[in-house]
Amino acid sequence: TGSVNVLDSNDLSRYNGLELIVKRRLTSGIGYQISYTYSVSKDTRSFDPTFTTVSRANNQSASSTPFDINNRNLNYAWSDFDRRHVLQATYVAEIPIGRGKALLGDIPRPLDWIIGGWQLAGTFLWASGRPFTVYSGLNSLSNVNQSFANCNDCPRDLGGLVEREGTWWWFSEEAAAKFSQPLPGELGNTGRNYFIAPRTFQTDASLSKKLRFTERYSLDLRVDAKNLTNNASFGIPTATQNSGTFGRIRTAVTSASRRIQISAKFNF
């Protein structure tokens with residue numbers, strides 16, 4: 001009839017991490033929280049495939065499909081979501097300008113309505129790249145998923161953004177030349193999720209102010225910016241070694257372009 005769903009409990013995962021948090025409650029108009037995580041996550045499968053079709057061929061998630069159901073260790077490697085370093089922060093700060101503030105504390109009230117009472121808030125995220133698998137493009141060991149490419153003495157951080165032929169590549173020509181095909185019956189020596197994709201960076205910010213007319217009526221003004229620095233966070237390059245575009249990352253981004261929204265809300 002095509003296929004049979006098999007449920008078992010033979011997968012394995014391990015996570016070790018160190019978390020550091022520095023926090024300041026809102027005091028004197030300033031509050032923030034900064035957190036850093038150093039972690040290592042390894043497993044034989046990074047998703048729950050219950051009642052779904054296994055991933056095949058050269059999909060990134062196919063490296064979680066068992067190459068040999070009697071030897072799950074062939075799939076044991078860094079998790080799809082492993083991020084070695086993650087730095088996150090949130091902050092809020094009342095801008096000290098206007099009546100009763102440190103700067104221009106005695107300005108006329110009409111001018112204070114314009115430049116006083118603003119608050120700045122935002123978020124910050126920096127994370128090292130997720131791991132990814134480089135496939136050979138051959139079914140040298142399994143008929144379900146492709147084998148890994150060979151790459152002798154190649155470091156995990158072999159890649160880097162390189163401009164070639166007017167577009168972006170993750171592997172330079174010299175780096176791409178280090179890869180080769182496994183022989184029949186071989187799995188390939190790089191293994192699952194050996195290489196590391198580009199890092200992620202994004203910062204968002206908002207500038208807001210409340211104009212209060214009476215106890216009942218007020219006006220909220222906001223300027224919100226997503227991806228304030230308009231930074232591109234790239235995804236995963238073409239990771240099949242016998243592909244004509246092997247190593248090309250092009251415009252495979254996981255981030256959206258900078259977006260700024262200006263809004264007003266009248267409360268009554």
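**Why is it called that?**

Biologist: Why does asparagine 150 count as buried?

Modeller: Asparagine 150 has a relative accessibility of 12%, and buried means under 20%. So 12% falls on the buried side of that cut-off. Keep in mind that this is a predicted model.

Biologist: Okay, and where is the place of asparagine 150?

Modeller: Asparagine 150 sits in strand β7, which covers residues 150–151. Beyond its neighbours within four places in sequence, asparagine 150 is in contact with a list of residues including Lys178, Phe179, Pro182, Glu186 and Thr190.

Biologist: What does the side chain of asparagine 150 reach at 2.8 Å?

Modeller: That would be the backbone nitrogen of asparagine 189. A polar atom of the asparagine 150 side chain also lies 3.4 Å from the backbone oxygen of glutamine 181. Polar contacts need N or O atoms within 3.5 Å, and 3.4 Å is within that.

Biologist: Let's move to charges. What makes aspartate 82 and arginine 84 a salt bridge?

Modeller: Their closest N and O atoms are 2.9 Å apart. The cut-off is 4 Å, so this pair qualifies.

Biologist: How do you know whether aspartate 82 is buried or exposed?

Modeller: Compare the value with the cut-off again: aspartate 82 has 3% relative accessibility, so it counts as buried. Its partner, arginine 84, has 18%. Since buried means under 20%, arginine 84 counts as buried too.

Biologist: How many salt bridges does the structure hold?

Modeller: Eight. Asp11, Arg45 and Arg72 are linked in a network of them. Another salt bridge joins the side chains of aspartate 224 and arginine 222, at 2.8 Å from N to O. Arginine 222 has a relative accessible area of 34%, so it is partly exposed.

Biologist: What makes the side chains of lysine 210 and aspartate 220 a salt bridge?

Modeller: They meet at 2.7 Å, N to O, and that is within the 4 Å limit, so the name fits. This pair links distant parts of the chain, with lysine 210 in strand β12 and aspartate 220 in strand β13, ten residues apart.

Biologist: Why does lysine 210 count as partly exposed?

Modeller: Because its relative accessibility is 42%, and partly exposed is the range between under 20% and over 50%. Aspartate 220, at 16%, counts as buried.

Biologist: What else lies in strand β12?

Modeller: Aspartate 204 is one of its residues. With a relative accessible area of 13%, aspartate 204 is buried. Its side chain makes a polar contact of 3.0 Å with the side chain of glutamine 202, and another of 3.3 Å with the side chain of lysine 226. Both distances are within 3.5 Å, so both fit the polar contact cut-off.

Biologist: And where is arginine 212 found?

Modeller: Also in strand β12, which runs over residues 200–212. Arginine 212 has 45% relative accessibility, so it counts as partly exposed. Leaving out residues up to four places away in sequence, arginine 212 touches Trp113, Tyr217 and Ser218. Phenylalanine 266 is 54 residues away from arginine 212 in sequence, and 9.9 Å away in space, C-alpha to C-alpha.

Biologist: Which residues make the nonpolar surface patch?

Modeller: Among them are Leu103, Trp113, Tyr217, Phe266 and Phe268, and the patch has an area of about 1,000 Å². Helix α1, residues 109–115, gives the most to that patch, with four residues.

Biologist: Why is phenylalanine 268 called exposed?

Modeller: Its relative accessible area is 69%, and exposed means over 50%, so phenylalanine 268 earns the label. You'll find phenylalanine 268 in the segment after β14.

Biologist: How do you know that β14 lies largely in the open?

Modeller: Count its buried residues: of nine in the strand, the number is zero, so β14 lies largely in the open. This strand pairs with β13 in the antiparallel sense over nine bridges. One example is valine 223, whose bridge partner in β14 is isoleucine 262.

Biologist: One last check: what lies in the loop between β13 and β14?

Modeller: Threonine 238 does. At 26% relative accessibility it counts as partly exposed, because 26% is not under 20% and not over 50%.

Terms used
Residues are numbered from 1 along each chain as its sequence is written. This is a predicted model: local features need pLDDT of at least 70, side-chain atom pairs count only at pLDDT 80 or more; totals for chains, interfaces and linings use all residues. Side-chain values use heavy atoms; hydrogens and water are left out. Helices (H or I, at least four residues) and strands (E, at least two) are DSSP runs, numbered from the N terminus. Buried means under 20% relative accessible area, exposed over 50%, partly exposed in between (1.4 Å probe, protein chains only). Contact means heavy atoms within 4.5 Å. A polar contact is a pair of N or O atoms within 3.5 Å; within protein, one must be able to donate a hydrogen and the other to accept it, and residues adjacent in sequence count only if both atoms are side-chain atoms. Patches are made of residues with over 30% relative accessible area and no salt bridge: like charges are joined within 9 Å, nonpolar side chains (Val, Leu, Ile, Met, Phe, Trp, Tyr) within 5 Å. Accessible areas come from the Shrake-Rupley method with a 1.4 Å probe; for residues, only the protein chains shown count as cover. Two strands pair if DSSP finds at least two bridges between them.
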